[in-house]
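Student: Please take a close look at a single part of this structure and describe it in detail. I should then like to see how that part relates to the rest of the chain.

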Amino acid sequence: MLTARLSRPLSKPPGKTLSFSDRENGTRLTLLFPSCSFVPAGRPYADSVIPVGSKAVLVTGCDSRFGFSLAKHPHSKGFLVFAGWWLKDKGDAGVKELGGLKSDRLGTALNVSEEVERAVELVRSGLEDPEEGTWGLVNNAGISTFGEVEFTSSTYKEVAEVNLWGTVRTTESFFPLIRRAKGCIVNISSTPGHRANPACTPPCITKFGVEAFSDCLRYEMHPLGVKVCVVEPGNFIAATSLYSPERIQAIATEMWTELPEVVREDYGERYFDEKIATMENCNSGSTDTTPVINAVTHALTAEPYTRYHPMDYYRWLRMQIMTHLPGAISDRIY
């Protein structure tokens, strides 16, 4: 007869053990499951254990208000923060706030996605002691779009250049500084990095790539003392302004114009407009990004989890169902 016991180990790494006992032959099998680090919104993390001191952190994608918040909070904790931007010339909300915040512990890096080598030199020159390296790298820069597979063929490369290859390039370029500090790399993914969504192919495939890159990197960096973790926010669309009504219409107009004639004829404008209408109603979710900011801060100031899931219980449960149950079951439910 097999009995199962679920327990929390006292030693690191954090996780859960599932023990199976066969009472007839006296054998015992114990499996260790690393912590999934699910902390729902509003629930506190463990206390910080790493002294900040003069540690430096680079946060990319700070031209948005969301990205700026990710940089501002570590700054308030005492970090020397370098804020990378992507759309600074467009004067997004984060850029305006960034320019108005005067501090000797907040420096502005370059467009990290396109000028990563210059950004490395700028960060290196701003360090108190370059030989001590850079403690943290938060890969937050990202863009998104929508549309069914036949509607979005021209956007895959654009989204991947920022979401996936931008993350890879930035991480590789900052490796020497991160290794010296034995620091932490935090990659911002999302729930589409675990489960596919219709009309969301470009962001899904790039975030799946970020997840795989992070896992490979975590294994490789472990012997070097560098921590790698992933933050997978739930629905914070309303806080990021990714899909404002104006942006949705702009994307839809460009998408329809660039569609091949055969696709327009087969689907029809009515079908296309119906799909766009569903997107106009999806600008939902939480406007409070505190759970995401707390997750990133914990990763930088404590023993980080492998993955953070700042999301509501519904989305967490849906993610578990779609990633752990057979596809036939999740397809029927969702």
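Tutor: Alanine 199 has a relative accessible area of 28% and is therefore partly exposed, since that class lies between the limits of 20% for buried and 50% for exposed. The model is a predicted one. Alanine 199 belongs to the loop that joins S8 and H6. Its backbone deserves attention: phi is near 65°, a positive value in a residue other than glycine.

A second residue with this backbone feature is lysine 182, a residue other than glycine whose phi is positive and near 50°. Lysine 182 is placed in the loop between H5 and strand S8, the latter covering residues 184-188. The loops that hold these two residues thus both border S8, with H5 on the far side of the loop of lysine 182 and H6 on the far side of the loop of alanine 199.

The two helices reached in this way pack against each other. Helix H5 spans residues 165-181 and helix H6 residues 201-221; their axes are 11 Å apart and enclose an angle of about 20°. Because this angle falls under 35 degrees, H5 is roughly parallel to H6. The crossing in which H5 passes H6 is right-handed. On the H5 side, the contact involves Thr167, Val168, Thr171 and Phe175, and on the H6 side Val210, Phe213, Leu217 and Met221. Sorted by class, the residues of the contact between H5 and H6 are 6 nonpolar and 2 polar, with no charged residues.

H5 has a further partner in helix H3, which covers residues 116-126; the axes of H3 and H5 are 9 Å apart, and the packing angle is about 25°. H3 and H5 are therefore also roughly parallel to each other, and the crossing of H3 and H5 is right-handed. From H3, the residues in contact are Val116, Glu117, Ala119, Val120, Val123 and Arg124, while H5 contributes Arg169, Thr170, Ser173, Phe174, Leu177 and Arg180. The class count for H3 with H5 is 6 nonpolar, 2 polar and 4 charged residues. The contact of H5 with H6, by comparison, has no charged residues.

Another helix pair offers a contrast in angle. Helix H1 (residues 65-76) and helix H11 (residues 290-301) have axes that come within 10 Å and cross at roughly 40°. This value is neither under 35 degrees nor within the range of 65 to 115, so H1 is oblique to H11. The crossing of H1 and H11 is right-handed. In this contact H1 supplies Phe66, Ser69, Leu70, His73 and Pro74, and H11 supplies Val292, Ile293, Asn294, Val296, Thr297 and Leu300. The classes represented between H1 and H11 are 7 nonpolar and 4 polar residues, with no charged residues.

Partly exposed residues are also found within helices. Arginine 247 is part of helix H8, residues 245-258, and is partly exposed because its relative accessibility is 31%. Beyond its neighbours within four places in sequence, arginine 247 is in contact with Ser144 and Leu242. Its C-alpha atom is 9.6 Å from that of threonine 145, although 102 residues separate the two along the chain. Alanine 277, in helix H10 (residues 269-280), likewise counts as partly exposed, because its relative accessibility is 31%. The C-alpha atoms of alanine 277 and isoleucine 248 are separated by 9.4 Å, with these positions 29 residues apart in sequence numbering.

Glycine 53 falls in another class: its relative accessibility is 64%, so it counts as exposed. Glycine 53 sits in the loop from strand S3 (27-34) to strand S4 (56-59). Phenylalanine 79 lies 26 residues away in sequence, and its C-alpha is 7.3 Å from that of glycine 53.

These details belong to a protein with 13 helices and 10 strands. Of its 334 residues, 48% count as buried. Among contacts with a sequence separation of 6 or more, 70% link residues 24 or more positions apart. The protein exposes about 17,200 Å², of which carbon and sulfur atoms supply 55%.

How values were computed: Residues are numbered from 1 along each chain as its sequence is written. This is a predicted model: local features need pLDDT of at least 70, side-chain atom pairs count only at pLDDT 80 or more; totals for chains, interfaces and linings use all residues. Side-chain values use heavy atoms; hydrogens and water are left out. Axes are lines fitted to C-alpha atoms, for helices over the stretch in contact, and angles run from 0 to 180 degrees between N-to-C directions. Helices (H or I, at least four residues) and strands (E, at least two) are DSSP runs, numbered from the N terminus. Angles under 35 degrees count as roughly parallel, over 145 as roughly antiparallel, 65 to 115 as roughly perpendicular and the rest as oblique. A crossing is left-handed if the near helix is turned anticlockwise from the far one by less than a right angle, and right-handed if clockwise. Contact means heavy atoms within 4.5 Å. Ala, Val, Leu, Ile, Met, Phe, Trp, Tyr, Cys and Pro count as nonpolar, Asp, Glu, Lys and Arg as charged, and the others, Gly among them, as polar. Buried means under 20% relative accessible area, exposed over 50%, partly exposed in between (1.4 Å probe, protein chains only). Accessible areas come from the Shrake-Rupley method with a 1.4 Å probe; for residues, only the protein chains shown count as cover.
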